[in-house]
Amino acid sequence: SRRISLLCFNLTLATMVLGSAILGLRMVDSTRLIGLIAVTVVLFSFAVRSALMQDTQERYLSALRESRTELERQALYDELTGLPNRRLFAERLSQVLAIAEREEHKSALFYLDLDDFKPVNDKFGHSIGDILLNRVAHRMLSRVRKSDTLARMGGDEFIWLVTHIADKDEAAELAEGMLRIMSEPYEIEGFTISITASIGIGLFPDDSTDPTALIEQADSAMYAVKRDRKNGLR
(Lines give C-alpha, C1' and ligand atoms only; values in the text may rest on other atoms or scores of the structure.)
Protein backbone atom coordinates (compact mmCIF):
# COMPACT_ATOMS: atom_id res chain seq x y z
CA SER A 1 0.00 0.00 0.00
CA ARG A 2 0.98 3.66 -0.28
CA ARG A 3 1.39 3.96 3.48
CA ILE A 4 3.78 1.01 3.70
CA SER A 5 5.78 2.26 0.71
CA LEU A 6 6.28 5.67 2.34
CA LEU A 7 7.27 4.06 5.62
CA CYS A 8 9.85 1.86 3.89
CA PHE A 9 11.24 4.88 2.00
CA ASN A 10 11.73 6.89 5.17
CA LEU A 11 13.32 4.00 7.03
CA THR A 12 15.65 3.41 4.09
CA LEU A 13 16.58 7.09 4.21
CA ALA A 14 17.31 6.79 7.93
CA THR A 15 19.52 3.77 7.31
CA MET A 16 21.43 5.66 4.61
CA VAL A 17 21.99 8.60 6.99
CA LEU A 18 23.31 6.24 9.66
CA GLY A 19 25.55 4.44 7.17
CA SER A 20 26.99 7.68 5.84
CA ALA A 21 27.65 8.89 9.36
CA ILE A 22 29.48 5.68 10.28
CA LEU A 23 31.58 5.99 7.14
CA GLY A 24 32.33 9.62 8.06
CA LEU A 25 33.51 8.62 11.52
CA ARG A 26 36.25 6.49 9.98
CA MET A 27 37.53 9.44 7.95
CA VAL A 28 37.72 12.21 10.56
CA ASP A 29 40.11 12.93 13.36
CA SER A 30 39.19 12.50 17.00
CA THR A 31 38.67 16.23 17.60
CA ARG A 32 35.53 16.19 15.43
CA LEU A 33 34.29 12.82 16.61
CA ILE A 34 31.87 14.01 19.31
CA GLY A 35 30.27 16.64 17.07
CA LEU A 36 29.83 14.19 14.23
CA ILE A 37 28.26 11.62 16.57
CA ALA A 38 25.79 14.24 17.80
CA VAL A 39 24.86 15.25 14.24
CA THR A 40 24.46 11.59 13.30
CA VAL A 41 22.11 10.91 16.22
CA VAL A 42 20.02 13.99 15.38
CA LEU A 43 19.77 13.11 11.68
CA PHE A 44 18.92 9.48 12.35
CA SER A 45 16.30 10.43 14.97
CA PHE A 46 14.75 12.94 12.58
CA ALA A 47 14.53 10.37 9.77
CA VAL A 48 12.93 7.75 12.04
CA ARG A 49 10.52 10.31 13.53
CA SER A 50 9.54 11.47 10.02
CA ALA A 51 8.85 7.86 9.05
CA LEU A 52 6.66 7.28 12.10
CA MET A 53 4.78 10.58 11.61
CA GLN A 54 4.20 9.73 7.96
CA ASP A 55 2.84 6.34 8.97
CA THR A 56 0.50 7.91 11.56
CA GLN A 57 -0.75 10.45 9.03
CA GLU A 58 -1.43 7.77 6.43
CA ARG A 59 -3.32 5.70 9.00
CA TYR A 60 -5.46 8.72 9.87
CA LEU A 61 -6.20 9.49 6.21
CA SER A 62 -7.06 5.85 5.55
CA ALA A 63 -9.47 5.80 8.52
CA LEU A 64 -11.01 9.07 7.31
CA ARG A 65 -11.61 7.65 3.83
CA GLU A 66 -13.21 4.52 5.28
CA SER A 67 -15.42 6.63 7.55
CA ARG A 68 -16.52 8.79 4.61
CA THR A 69 -17.31 5.70 2.52
CA GLU A 70 -19.39 4.25 5.36
CA LEU A 71 -21.31 7.52 5.81
CA GLU A 72 -22.07 7.64 2.09
CA ARG A 73 -23.26 4.02 2.21
CA GLN A 74 -25.56 4.77 5.17
CA ALA A 75 -26.95 7.83 3.39
CA LEU A 76 -27.81 5.95 0.20
CA TYR A 77 -28.54 2.34 1.18
CA ASP A 78 -31.03 0.64 3.45
CA GLU A 79 -29.32 -0.76 6.54
CA LEU A 80 -31.47 -3.90 6.84
CA THR A 81 -31.56 -5.15 3.25
CA GLY A 82 -28.61 -3.39 1.65
CA LEU A 83 -30.89 -2.13 -1.12
CA PRO A 84 -30.84 1.47 -2.36
CA ASN A 85 -32.96 3.72 -0.16
CA ARG A 86 -35.54 6.33 -1.14
CA ARG A 87 -32.92 9.03 -1.75
CA LEU A 88 -30.74 6.97 -4.08
CA PHE A 89 -33.78 5.62 -5.89
CA ALA A 90 -35.03 9.16 -6.60
CA GLU A 91 -31.67 9.99 -8.21
CA ARG A 92 -31.71 6.85 -10.37
CA LEU A 93 -35.33 7.36 -11.36
CA SER A 94 -34.61 10.86 -12.67
CA GLN A 95 -31.64 9.57 -14.67
CA VAL A 96 -33.54 6.61 -16.14
CA LEU A 97 -36.54 8.69 -17.17
CA ALA A 98 -34.30 11.32 -18.77
CA ILE A 99 -32.65 8.59 -20.87
CA ALA A 100 -36.04 7.03 -21.72
CA GLU A 101 -37.33 10.40 -22.88
CA ARG A 102 -34.25 11.05 -25.00
CA GLU A 103 -34.27 7.58 -26.58
CA GLU A 104 -38.08 7.46 -26.79
CA HIS A 105 -38.68 4.13 -25.08
CA LYS A 106 -40.91 3.02 -22.21
CA SER A 107 -39.94 2.37 -18.60
CA ALA A 108 -41.97 0.81 -15.81
CA LEU A 109 -42.27 1.47 -12.09
CA PHE A 110 -43.54 -1.27 -9.77
CA TYR A 111 -44.62 -0.34 -6.25
CA LEU A 112 -44.72 -3.43 -4.02
CA ASP A 113 -46.20 -3.78 -0.54
CA LEU A 114 -46.28 -7.00 1.46
CA ASP A 115 -49.77 -8.18 2.43
CA ASP A 116 -50.50 -8.61 6.14
CA PHE A 117 -46.90 -8.13 7.25
CA LYS A 118 -47.91 -6.71 10.64
CA PRO A 119 -49.46 -10.03 11.81
CA VAL A 120 -46.10 -11.69 11.05
CA ASN A 121 -44.36 -9.24 13.37
CA ASP A 122 -47.05 -9.70 16.01
CA LYS A 123 -46.92 -13.50 15.89
CA PHE A 124 -43.19 -14.21 15.42
CA GLY A 125 -41.53 -11.03 16.68
CA HIS A 126 -39.70 -8.18 14.99
CA SER A 127 -36.43 -10.09 14.63
CA ILE A 128 -38.18 -12.73 12.50
CA GLY A 129 -39.93 -9.92 10.62
CA ASP A 130 -36.58 -8.31 9.83
CA ILE A 131 -35.19 -11.62 8.56
CA LEU A 132 -38.29 -12.05 6.41
CA LEU A 133 -37.86 -8.58 4.89
CA ASN A 134 -34.25 -9.40 4.10
CA ARG A 135 -35.19 -12.72 2.51
CA VAL A 136 -37.95 -11.08 0.47
CA ALA A 137 -35.51 -8.43 -0.77
CA HIS A 138 -32.95 -11.01 -1.89
CA ARG A 139 -35.60 -13.16 -3.54
CA MET A 140 -36.88 -10.14 -5.48
CA LEU A 141 -33.32 -9.30 -6.52
CA SER A 142 -33.17 -12.65 -8.32
CA ARG A 143 -35.79 -11.28 -10.75
CA VAL A 144 -34.17 -7.88 -11.25
CA ARG A 145 -31.81 -7.22 -14.14
CA LYS A 146 -28.50 -5.45 -13.52
CA SER A 147 -29.73 -2.44 -15.48
CA ASP A 148 -32.81 -2.11 -13.24
CA THR A 149 -33.13 -0.90 -9.65
CA LEU A 150 -34.84 -2.44 -6.63
CA ALA A 151 -35.12 -0.18 -3.58
CA ARG A 152 -36.71 -0.27 -0.15
CA MET A 153 -38.97 2.70 0.42
CA GLY A 154 -39.46 1.92 4.11
CA GLY A 155 -41.31 -0.61 6.25
CA ASP A 156 -42.52 -3.44 4.01
CA GLU A 157 -42.69 -1.32 0.85
CA PHE A 158 -40.34 -1.79 -2.09
CA ILE A 159 -40.07 -0.16 -5.47
CA TRP A 160 -38.72 -1.70 -8.67
CA LEU A 161 -37.67 0.34 -11.68
CA VAL A 162 -37.40 -1.40 -15.05
CA THR A 163 -35.42 0.77 -17.41
CA HIS A 164 -36.71 -0.59 -20.71
CA ILE A 165 -40.04 -2.28 -21.38
CA ALA A 166 -42.12 -2.94 -24.49
CA ASP A 167 -45.66 -2.34 -23.23
CA LYS A 168 -48.11 -2.79 -20.34
CA ASP A 169 -48.52 -6.49 -21.14
CA GLU A 170 -44.83 -7.10 -20.53
CA ALA A 171 -45.08 -5.08 -17.33
CA ALA A 172 -47.96 -7.26 -16.12
CA GLU A 173 -45.96 -10.37 -17.02
CA LEU A 174 -42.99 -9.21 -14.96
CA ALA A 175 -45.24 -8.38 -12.01
CA GLU A 176 -46.93 -11.78 -12.13
CA GLY A 177 -43.54 -13.49 -12.10
CA MET A 178 -42.50 -11.44 -9.09
CA LEU A 179 -45.72 -12.31 -7.24
CA ARG A 180 -45.14 -16.02 -7.85
CA ILE A 181 -41.64 -16.14 -6.38
CA MET A 182 -42.56 -13.91 -3.44
CA SER A 183 -45.48 -16.13 -2.42
CA GLU A 184 -43.32 -19.24 -2.06
CA PRO A 185 -42.95 -20.17 1.65
CA TYR A 186 -39.94 -18.96 3.66
CA GLU A 187 -38.18 -21.17 6.20
CA ILE A 188 -36.93 -18.96 9.05
CA GLU A 189 -35.57 -20.34 12.31
CA GLY A 190 -37.83 -23.37 12.25
CA PHE A 191 -40.93 -21.45 11.16
CA THR A 192 -42.61 -21.73 7.76
CA ILE A 193 -43.93 -18.31 6.79
CA SER A 194 -45.99 -17.52 3.71
CA ILE A 195 -46.66 -13.98 2.58
CA THR A 196 -47.99 -12.33 -0.55
CA ALA A 197 -47.70 -8.88 -2.07
CA SER A 198 -49.73 -6.24 -3.87
CA ILE A 199 -48.15 -4.49 -6.86
CA GLY A 200 -49.09 -1.21 -8.51
CA ILE A 201 -47.57 -0.33 -11.88
CA GLY A 202 -46.83 3.04 -13.46
CA LEU A 203 -45.65 3.32 -17.05
CA PHE A 204 -43.48 6.06 -18.53
CA PRO A 205 -44.54 8.00 -20.53
CA ASP A 206 -48.09 6.56 -20.70
CA ASP A 207 -49.11 7.34 -17.12
CA SER A 208 -46.80 10.25 -16.41
CA THR A 209 -43.51 11.84 -17.44
CA ASP A 210 -42.86 13.32 -14.01
CA PRO A 211 -40.88 11.11 -11.55
CA THR A 212 -42.92 12.07 -8.47
CA ALA A 213 -46.24 11.70 -10.27
CA LEU A 214 -45.16 8.30 -11.62
CA ILE A 215 -44.41 7.05 -8.10
CA GLU A 216 -47.79 8.35 -6.93
CA GLN A 217 -49.48 6.59 -9.85
CA ALA A 218 -47.87 3.24 -8.97
CA ASP A 219 -48.56 3.75 -5.26
CA SER A 220 -52.22 4.52 -5.94
CA ALA A 221 -52.55 1.44 -8.14
CA MET A 222 -50.99 -0.69 -5.39
CA TYR A 223 -53.49 0.54 -2.80
CA ALA A 224 -56.31 -0.22 -5.21
CA VAL A 225 -55.13 -3.85 -5.21
CA LYS A 226 -55.02 -3.77 -1.39
CA ARG A 227 -58.63 -2.58 -1.24
CA ASP A 228 -59.74 -5.11 -3.81
CA ARG A 229 -58.29 -8.53 -3.05
CA LYS A 230 -54.54 -8.25 -2.28
CA ASN A 231 -51.97 -10.60 -3.83
CA GLY A 232 -52.43 -9.05 -7.24
CA LEU A 233 -51.39 -6.25 -9.57
CA ARG A 234 -52.89 -3.25 -11.27
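Asp167, Asp169, Glu173 and Glu176 form a negative surface patch. This is a predicted model. It holds nine salt bridges. One of them pairs Asp78 with Arg152, another Asp122 with Lys118, and another Arg229 with Asp228.

**Negative patch**
- The patch members are Asp167, Asp169, Glu173 and Glu176.
- Asp167 sits in the loop that runs between strand S3 (157-165) and helix H6 (168-182).
- The relative accessible area of Asp167 is 33%, so this residue is partly exposed.
- Patch residues need over 30% relative accessible area and no salt bridge, so Asp167 can be counted at its 33%.

**A buried salt bridge: Asp78 and Arg152**
- The side chains of Asp78 and Arg152 form a salt bridge, with 3.1 Å from N to O.
- Asp78 belongs to the loop between helix H2 (33-76) and helix H3 (86-103), and Arg152 to strand S2 (residues 149-154), so the salt bridge ties together parts 74 residues apart in sequence.
- Asp78 is buried, at a relative accessible area of 13%.
- Arg152 is buried too, with 13% relative accessibility.

**A salt bridge within helix H4: Asp122 and Lys118**
- In the salt bridge between Asp122 and Lys118, the closest N and O atoms are 3.0 Å apart.
- Both residues lie in helix H4 (residues 117-124), and four residues, or about one turn of the helix, separate them.
- Asp122 is exposed, with 53% relative accessibility.
- Lys118 is exposed as well, with a relative accessible area of 58%.

**The two sides of H4**
- Phe117, Val120 and Asn121 are the buried residues of H4.
- These buried residues cover an arc of only 95° around the axis, so they fall on the same side of H4.
- Lys118, Asp122 and Lys123 are exposed on the other side of H4.
- The salt-bridge partners Asp122 and Lys118 are thus among the exposed residues on that other side.

**Arg229, Asp228 and a network**
- Arg229 and Asp228 meet through their side chains in a salt bridge, at 2.8 Å from N to O.
- Asp228 is partly exposed, at 44% relative accessibility.
- Elsewhere, Asp113, Asp115 and Lys226 are joined into one network by salt bridges that share partners.

Terms used: Residues are numbered from 1 along each chain as its sequence is written. This is a predicted model: local features need pLDDT of at least 70, side-chain atom pairs count only at pLDDT 80 or more; totals for chains, interfaces and linings use all residues. Side-chain values use heavy atoms; hydrogens and water are left out. A salt bridge is a side-chain nitrogen of Lys or Arg within 4 Å of a carboxyl oxygen of Asp or Glu. Helices (H or I, at least four residues) and strands (E, at least two) are DSSP runs, numbered from the N terminus. Buried means under 20% relative accessible area, exposed over 50%, partly exposed in between (1.4 Å probe, protein chains only). Patches are made of residues with over 30% relative accessible area and no salt bridge: like charges are joined within 9 Å, nonpolar side chains (Val, Leu, Ile, Met, Phe, Trp, Tyr) within 5 Å. Accessible areas come from the Shrake-Rupley method with a 1.4 Å probe; for residues, only the protein chains shown count as cover. Lys and Arg count as positive and Asp and Glu as negative; His and the chain ends are not counted. The place of a charge is taken as NZ of Lys, CZ of Arg, CG of Asp or CD of Glu. The arc is that of the directions from the helix axis to the C-beta atoms.
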